[in-house]
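This report describes a protein model, beginning with its secondary structure and ending with its main pocket.

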Amino acid sequence: MSLGSQQGNAHLHWHLAPLPPGVPYDQQQFHAVMAENGVLAVDDQAQAALAREIRTHVRE
């Protein structure tokens with residue numbers, strides 16, 4: 001998702017907000033990064049597995 005910029009220089013950047021499988025659609029996208037909606041309880045092992053999966057799809 002792109003949250004825009006107030007810096008005055010044209011650029012694009014992305015925020016990755018990986019979610020574990022099974023998160024309902026209405027709790028995804030912008031909803032997932034809003035602090036007032038709380039934090040999903042995801043254990044360290046699940047986070048590590050998700051990070052490994054993301055790495056397989058990102059080019060350096």
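How many helices and strands does the protein chain have?

## Secondary structure

The model is predicted. The protein chain has one helix and zero strands.

The helix, α1, covers residues 44-55. With 12 residues at 1.5 Å a residue, α1 should span 16 Å, and its end C-alpha atoms are 16 Å apart, so the expected span and the model agree. At the N-terminal end of α1, D43 acts as the cap. A side-chain oxygen of D43 lies 3.0 Å from the backbone nitrogen of Q45.

## Burial and surface

The protein chain has 60 residues, and 3% of them count as buried. About 5,500 Å² of the protein chain is exposed. Carbon and sulfur atoms supply 54% of this area.

## Largest pocket

The largest pocket has a volume of about 280 Å³. Its lining consists of 16 residues. Those nearest the centre of the pocket are L19, A32, G38, V39 and L40.

Which classes of residue make up the lining of the largest pocket? By class, 11 lining residues are nonpolar and five are polar. The lining has no charged residues.

Conventions:
Residues numbered from 1 in each chain as written. Predicted model: local features only at pLDDT ≥ 70, side-chain atom pairs only at ≥ 80, totals over all residues. Heavy atoms only, no water. Helix = DSSP H or I, 4+ residues; strand = E, 2+ residues; numbered from the N terminus. Expected span 1.5 Å × (residues − 1). Polar contact = N/O pair within 3.5 Å; in protein donor to acceptor, adjacent residues only side chain to side chain. 1 Å grid on protein atoms, 1.4 Å probe; cavity = no way out; pocket = protein on both sides within 12 Å on 5 of 7 lines; lining within 4 Å. Points joined across faces, edges and corners; volume = space filled by probe spheres on them. Nonpolar A, V, L, I, M, F, W, Y, C, P; charged D, E, K, R; others polar. Buried < 20%, exposed > 50% of the residue type's maximum accessible area, 1.4 Å probe, protein only. Areas by Shrake-Rupley, 256 points an atom, 1.4 Å probe, with all protein chains shown as cover.
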